[in-house]
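Work through these exercises with the model open beside you. Try each task before you read its solution.

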Amino acid sequence: MSRTKWSIPLALVIVLALAAGALSGCGGKAQESAAKPASITIALQGEPTTLDPQYADDGNMHPVTENVFETLLQLDGKTLQVKSCLATAYQRTGENTWRFTLRQGVTFHNGDPLTAEDVVFSVNRIIDPAYKSQVVGNVATIVKAVKVNDKTVDILTTGPDPLLPMRMTLLHIMNQKAVTAAGDKVVTTPVGTGPYKLNQWNRGVSLTLDAFPDYWGAKPSITAATYRFIQEDATRLAAVKAGEVDLSVNMLPEYTKELPQVKSGDGLEFYFIRLSQFKGIMKDPRIRLAACYAIDKDSLVKNLFQGYAAAAQGQLLKPGYVGFNKELKPYPYDPEKAKALLKEAEYNGEKIQLVSERGRWLKDTEISEAVADMLRSVGFNVQLTFLSFQEWLATLFDATRAPDMQFSSHSNPMFDADRTFTSCLASTGTQSTYHDPVLDDLITQARTELDPAKRQATYEKIGKTAYDDPAWISLVNVKDIYGLSTRVNWEPRQDGRIILSEIILK
């Protein structure tokens with residue numbers, strides 16, 4: 001599946017005028033209610049850490065919360081164009097101000113109407129430093145939200161922001177009263193405006209959503225969805241083959257010939273090894289470069305993923321993304337050069353800690369072990385440690401705990417370098433272990449540049465710097481592989497979201 005090739009910032013500038021209201025719900029074009037109840041079972045590779053969509057950067061959470069909560073604007077899953085959702089219109093009213101008109105007749109799952117106060121609360125909550133959101137990089141330019149009247153909200157940014165409409169597709173709107181009343185229980189008591197609401201969360205086993213009868217948009221044909229948490233690959237395969245599961249994520253390439261149905265598409269996930277550039281032995285750029293030359297990415301693609309991946313092009317972006325640098329190529333596999341760089345850096349076998357996790361991403365264990373072996377083969381003294389996902393997340397989002405190397409996967413649902421560089425490269429990034437004041441200034445400069453050509457040039461310069469003085473070992477871009485039962489009719493979206501209202505049962 002190829003990416004749409006138009007320039008997102010240019011498209012966003014074109015749509016500065018009022019956006020027309022959508023006729024169907026934010027989850028896409030919903031089907032008319034079926035004559036009888038229709039339920040579906042989805043297998044996830046792990047359990048969500050929370051159901052608070054404003055806090056966690058958790059891929060196990062998204063398939064659930066994307067159906068419970070909604071945003072002011074939404075993405076079309078095929079064209080990636082921005083469309084209206086909880087906001088029926090939006091426009092840029094000043095250099096640093098965007099105005100949104102809220103949809104009438106929207107209610108939360110607890111019966112409360114959607115208000116301007118809820119939107120203001122949601123915006124100001126996620127950007128509050130005390131909240132420590134893991135996804136605050138998605139809305140890095142926002143200063144605050146202000147109520148204009150009952151159905152109008154202004155969002156103010158640090159400077160001109162051509163990406164603000166795209167950012168609004170990632171900022172979920174919360175119920176102010178419900179969040180305030182829930183306190184710490186907000187992680188298990190989601191109250192959204194989406195077409196589905198939480199029925200039951202059986203910790204460690206499953207989670208069930210029911211269709212919300214008072215949903216403002218078209219009623220989906222799927223009346224209930226159960227998410228089962230199945231970490232073992234073989235168990236997910238067996239569940240799909242037996243008809244116990246209708247849709248399973250992260251299927252192994254080896255299983256594609258055994259599944260009743262297979263759907264695959266360009267994935268958002270870029271596997272990489274984060275390198276600690278500002279402390280420890282990895283401060284030496286020669287050692288970081290040696291690590292880049294030690295990895296045989298073509299072997300990973302062929303032997304580990306059987307072609308369901310592509311070697312990363314020396315960056316965590318790909319063609320079609322704003323900021324992709326076509327001049328950058330994968331570091332060639334050159335073990336002799338890696339050994340020479342280690343010798344030049346006077347590396348004497350000091351222990352290198354590589355931290356990873358198991359079961360969140362396709363073949364995350366195997367690729368971590370393969371990378372560790374490749375590093376050892378050129379002389380790195382690598383100690384590979386697997387953490388629980390909770391501990392791995394805590395390590396990822398706390399630079400003071402950063403090991404020498406950490407396996408991670410980066411997705412970019414904005415299709416724009418700002419998200420990648422803001423979160424993974426800027427000194428203030430939630431996942432960054434790279435400190436360069438010059439790059440920080442360039443990232444800030446590009447974020448507010450309205451000229452697409454100048455913005456692209458700045459991002460290419462940033463990408464080249466992070467390539468020459470490596471911030472990470474970019475490994476592979478992995479394709480999404482889904483296993484489906486014979487009764488499901490569904491096509492993967494370009495943004496990787498699993499929207500229940502887009503699934504049809506035969």
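**Exercise 1. Two helices**

In which hand, left or right, does α7 pass α9? Then work out how the two helices are oriented and what their contact is made of.

Solution.
- Keep in mind that this is a predicted model.
- Find the helices: α7 covers residues 285-293 and α9 covers residues 335-344.
- Look at the crossing. α7 passes α9 in a left-handed crossing.
- Now take the axes. They come within 8 Å and cross at roughly 165 degrees. Angles over 145 degrees count as roughly antiparallel, so α7 is roughly antiparallel to α9.
- List the contact residues. α7 gives R286, I287, L289, A290 and Y293. α9 gives P335, K337, A338, L341, L342 and E344.
- Sort these residues by type. Eight are nonpolar, three are charged and none is polar.

**Exercise 2. Cysteines and disulfides**

How many disulfides does a search of the whole structure find? Explain the result for C424, and decide whether C292 and C424 are buried or exposed.

Solution.
- The search of the whole structure finds zero disulfides.
- Start with C292. It is in no disulfide, and its nearest cysteine sulfur, that of C424, is 15 Å away.
- Turn to C424. Its closest cysteine sulfur is in C292, at 15 Å, which is too far for a bond. The cut-off for a disulfide is 2.5 Å between the sulfur atoms.
- Next, use accessibility. Buried means under 20% relative accessible area.
- C292 has 0% relative accessibility, so C292 is buried.
- C424 has 4% relative accessibility, so C424 is buried too.

**Exercise 3. A glycine in a helix**

Which residues does G463 contact, leaving aside its neighbours within four places in sequence? Place G463 in the structure as well.

Solution.
- G463 lies in helix α14, residues 452-468.
- Its relative accessibility is 9%, so G463 counts as buried.
- With those sequence neighbours left aside, G463 is in contact with L328 and F421.
- Check L328 in the sequence: G463 and L328 are 135 residues apart. In space, their C-alpha atoms are 8.3 Å apart.

**Exercise 4. A serine in a strand**

Where is S206 placed, and is S206 buried or exposed? Add its contacts.

Solution.
- S206 is in strand β9, which covers residues 206-211.
- The relative accessible area of S206 is 14%, so S206 is buried.
- Leave aside its neighbours within four places in sequence. S206 is then in contact with Q200, W201, T226, Y227, R228 and F229.

Terms used
Residues numbered from 1 in each chain as written. Predicted model: local features only at pLDDT ≥ 70, side-chain atom pairs only at ≥ 80, totals over all residues. Heavy atoms only, no water. Axes fitted to C-alpha atoms, helices over the stretch in contact; angles between N-to-C directions. Helix = DSSP H or I, 4+ residues; strand = E, 2+ residues; numbered from the N terminus. Parallel < 35°, antiparallel > 145°, perpendicular 65-115°, else oblique. Left-handed = near helix turned anticlockwise from the far one by under 90°. Contact = heavy atoms within 4.5 Å. Nonpolar A, V, L, I, M, F, W, Y, C, P; charged D, E, K, R; others polar. Buried < 20%, exposed > 50% of the residue type's maximum accessible area, 1.4 Å probe, protein only.
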